[in-house]
Amino acid sequence: MWAGRGRAAVSACALIALAGCGGSGGDAKELTVVMWGGDDQQKAVSAYVEPWGKEQGVKIKQDSPTDYAKFRAQVEAKKVSWGVVEVEPNFAVTACKSGWALKIDKAKIDTSKLDQKLVGDCAVPTLQYAFTIGYNTTVFSAQNHPKTWAEFFDTKRFPGKRGFWKYATGAMFEAALLADGVPADKLYPLDIDRAFRKLDTIKKDIVFYETGEQQQQLVSSGETPLIQAWNGRIFAAAKEGKPVANEWNQHLLSYDQLVIPAGYKRADLAQQWLNWFLNNPKAQAIYTNHSAYAPASDAALDYVNPDVRKEIPTSPENAPKRAAIIDYSYWADNYDKVSERLNEWMAQ
Amino acid sequence: MTAEAATAEPAAPAVRRGLPRLDRWGLLVLPLVGFLLAVLVWPLTAVLLRSFTDPEPGVENYLAFFHSPVYLDVLVNTFVTAGLVTLVTLLLGFPYSYLMTLASPFWRGVLMLAVLVPFWTSLLVRTFAWVLILRDTGVVNELLPGPPVPLLRNLPGVLIGMVQVMLPFAVLPMYAAMRGIDRRLLQAAEGLGARPAFAFWRIYAPLAVPGVAASALLVFVSSLGFYVTPALLGGPKNIMIGELIVQQLSGVLRWGFASALAVILLVVTGGLLMLMSRLVDLRRLLGGAR
Amino acid sequence: MSGMASRRLVRASLGALAVLTGLYLVLPVFIVIPMSFSDSAFLEFPPKAWSWRWYENFLGDETWVSSLVSSVQVGVLVTLCAVVLGTAAALGMIRGRYPLKALVSALVMAPVLVPYVIIGLAVYAVFLDLGLTETLLGFVLVHTALAVPYVVITVSSALMSFDRRLENAAMSLGAGPIVTFARVTLPVILPSVLSGAVFAFVTSFDEVVTSVFLSGPDFTTLPVQMWSGVRVRIDPTVAAVSSMLLLVTLALFAVAGLARLARRVRAGGAKERRSS
C-alpha cells in the first residue's frame, strides 16, 4: 500500500520533470564555440565570432569552460555538440594523436600568414600570451625588481614569496632552468631533475596558485610580491589601478589553440569560421585591445592600440625580450610523468 | 499488529538464515533502489570498469597507485582531513544544537538563521571570501598584531573552510533529533538524585546518539569528496583525492587511473564504515541491522 | 545552590560557544555582501569604491538570470523527488524486511561516496546517448540521486527514535495506514524531513561538478555559470548573486516569522475569549 503510494509519487515526479524537458534543435545552421568562459569569452565571441555569424547567417552558440573530459566523452559517444574548442596545445597534440580532433584541412583553412610554430596538425592558434615576471610596484620599484629568472629565484636580493601556477605546463620548469643558466635554445627536452634542484632552493618561498583570479590577488595584495603570471592578468589588474606590472625580459611565450572535435556535424561551418578568423586581423585586434593577449596573426598588430602594444608579447618592443616559446610537443609526451613528479615534490 | 509485537520486533533475533523475504514496509525501498540502479549504477559500472581496461586490459591502473608514494599520501590525507572535519564539526555542532532546543523561540530562530545563511552563499563565493579573510594580508591578520599568522594554504585553512560548509549539515539532523527528546526525563533523573552531568550523560546523550551518528556519517562521507575548498584554501600538502581524480580525469585524461582511484576510495571508505559500524551503531541508521 | 551556579555557568559557556559558532557560520557573508557592492572588477575586501554595477551586470544579462531560473526549477523538483523517494526508502529500511540489506545500504550511500566528478563523467556518457544532457530532466535525475542520501539519513535517524506505539494506538483506534502516517508519524518526523528537504535543495542548488558535465548552451544552472569563468577570472557578479539570494532568504524568514507571530497573537486572542 505504502509502496503503491511511493511509486505513484515517483512517476508523478518523473512526469513533472518530463513536462519541463524541451526539445533541442537539429542540424540547423549553427556553430557552438567553447572557450574558458567568463567575461573574456564574451569579449572574444563578440569580437570575432558573432560578426562572422551575422555575415553568414549562422547562429552562434556558446559553452564554457573547456573541459577535456567532456570533449573526449562527446567524441567517444559520437554525440558531438561542441564545434570549435579553445584548448591548450599539449591537449591538441594528444587529441590529434588519439583521433579526437579533426585534421586541419589547409585547403579550407588558410594558415599561410601565421607563425607556423603555432599551427598543429589539428589545431590553429587563437591567441598568444606570455609567462612574465609579475611584480608588485609598491614592494619593488620599476628600476629595482627582478629582471631575469635568475633574479626571480634570488630570494636574498629580492626577499618575499614567489607565485607559480600549480600545473606542470605553468612554465615553472622552464623558468627554473633558465634561472640555473641553461641557454634558452637548449631548454628542451627539459632537464626536470635539474629544474627540481633549482626549485628546491626557493621551495619554502613558493606559493602555488590555481586560478587567474588568485594570481592577481596574490601579487596585488603584496602577499607574493613576485609571481610568474599570465601577462593579461597583470595588465587587467594594472588597468584597475592595482600596483602591479609585467617585467617583459626573458618572458616565455605560450598560446592557446582552437580545434574541431571529430564527429562534429557542422564541421564545415567550423572550418569556414576558422578561416575567416585567422585571416581577419582587424577582428583579432579588437580582443587584443581588451585583454592584452596577443593576436593569432602578427598582421593584427597594426590595429592594436599603442598603449596595449607595450603590454603584449608579440609587439616589436617585447618580442626581442623573449627567452623561448613553450614547446608543447614536449609537454604532450611528458605531461603525465612530470605532473606525477610535481605532485610528489609538492607533497614532500 | 499488536503493540507488543511492534516493540518486540527490533529485539527479535535473526534466526532464519538466507535471504529474508520482502515485507510490505520493505517494498518502500524499491523505488529508490530502482532509481539509483538506473541513474547511477548503470552509468558508473561502465566508467569504473575502465579502471581495468583503459588504456590496456589488466590491473595496471591499480599498480600505478603504488607507483608513487604521493597517491597513498593523498588518500591518507583525505581520510585524516575528513576525520578532523567531522570531529571539529561535531564539537561545535553538538552544543549548538543542544542550545537550540533550550533557547527561546526568538533565539532559536536566530541560531537557525545562522545555520541556513551559509547555504545561500555559493560554495565558490564562500571559499573566495575565506581567502580574503585568512590570507597574510587578510581581515584576520590585519586585526592581529605582530607578523601574519599563516591561516591559508595549510591544514587550519582547509579545516576552517570545510567545517563552515559542513556545520549546517551536522546541526540540522542533531537539532531535529534532540527536539524529539523529552527533557522531563532529565528532570526526573535529577529528581531521583542524579547529578546534572550524570543525568545528561546517561539519559540524554544515548537518546541523542542516532542524530549525532547521522550527522557524523553525513559530514565524514561528504568531506571525503571535497575538492574546491581544499584546492583553494589548502597548500600543496593538503591535496585531497577528489582533486587528484579531477586532475587525472580532466587534466591528464588518464580515465582508467582516475577510475581506479575512485574504486580504491570506495573500497577503503566501505571498509572503514564497516569497521566503524561495529563500534558505533551506524548500521541501524541505514537499516542494515537485524 | 552550587548546582544552580554550575548549571548557570554551563549554560553561559554553551551560549558563548554557540554565539561564536554562529558568527563563524555567517562570517563569510559579512565579506561577500560588501564585496558585491565593490566598484572594482576584482573580488576585494574592503572595497575602495562602491557601486551597483555587479547587480546591474547580473540583472542585465540574460544568461545569468535564466541560469538562476533553471537552478530554482531543478532545485524544487529535486527536493520533491528526493523527499518522496528518500522518506519512503527510510521507512522501508528502518521498518521493513528485504533482501540484501547491506548492499541496499551501500547503494543508498553510493551517491555521496563516489567522487562527483566520476559520477559526472559516467552519467554524461550515458545521457549523451539518451539526449538528456542540457535538459531539465537530466539535471533533476542526477541531482536527485546526489541529494537522496541526505534525506534518507536524516529521516532514518528520526524514525529510529520514533515510538511506534503511537502508530499502533492510532491504528487500534481505527485509523488506516495513510491517515496514521499523515497524522501521527509525519508530524513527529517532520523536522527531519524538512532538514532533509533543505539539504536536498541545497545539494542541487550549489552543485557544480556534475552540473558542469550536464550543462550547455541549452540549459545551464547558476553554479555552472559562476564556475565557468573561474579559471581565468571571476568578477563580483558572483558575490552580487549570493547577496541577492541571501536577501530573498532573509525576507522569506521574516515573512514566516511574522506569520507565526500573527498566528500566535490570533490564537492567544481566541484563547482569551474562550477563557473569558
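Q: In what order do the elements of chain C run from the N terminus on?
A: In this predicted model, the order in chain C is α-α-α-α-α-α-α-α-α-α-α. The chain has 11 helices and 0 strands.

Q: Why is chain C called more spread out than a compact globule?
A: The globule rule gives 19 Å for 276 residues, whereas the radius of gyration of chain C is 24 Å, well over that value; chain C is therefore more spread out than a compact globule. Along the principal axes, the C-alpha trace of chain C spans about 65 × 55 × 45 Å.

Q: What makes a residue of chain C count as buried, and what percentage do so?
A: A residue is buried if 20 or more other C-beta atoms lie within 10 Å of its own. Of the 276 residues of chain C, 51% count as buried.

Q: How many residues does each of chains B and C bring to their contact?
A: Chain B brings 86 residues and chain C brings 89 residues. On the side of chain B that touches chain C, helix α3 (residues 30-53) of chain B gives the most, with 12 residues. That side of chain B divides into 65 nonpolar, 16 polar and 5 charged residues.

Q: Which domains is chain A divided into, and how many residues does each give to their contact?
A: Chain A is divided into domain 1 (30-128 + 255-323) and domain 2 (129-253 + 326-347). The contact takes 18 residues from domain 1 of chain A and 20 residues from domain 2 of chain A. On the side of domain 1 that touches domain 2, the largest share, 4 residues, comes from α5(A).

Note on methods: Residues numbered from 1 in each chain as written. Chains lettered and ligands numbered in written order. Predicted model: local features only at pLDDT ≥ 70, side-chain atom pairs only at ≥ 80, totals over all residues. Contact = placed C-beta atoms within 7 Å. Helix = DSSP H or I, 4+ residues; strand = E, 2+ residues; numbered from the N terminus. Nonpolar A, V, L, I, M, F, W, Y, C, P; charged D, E, K, R; others polar. Rg over C-alpha atoms; globule rule 2.2 N^0.38 Å. Buried ≥ 20, exposed ≤ 12 C-beta atoms within 10 Å, placed from the backbone. Domains from an automatic or database assignment.
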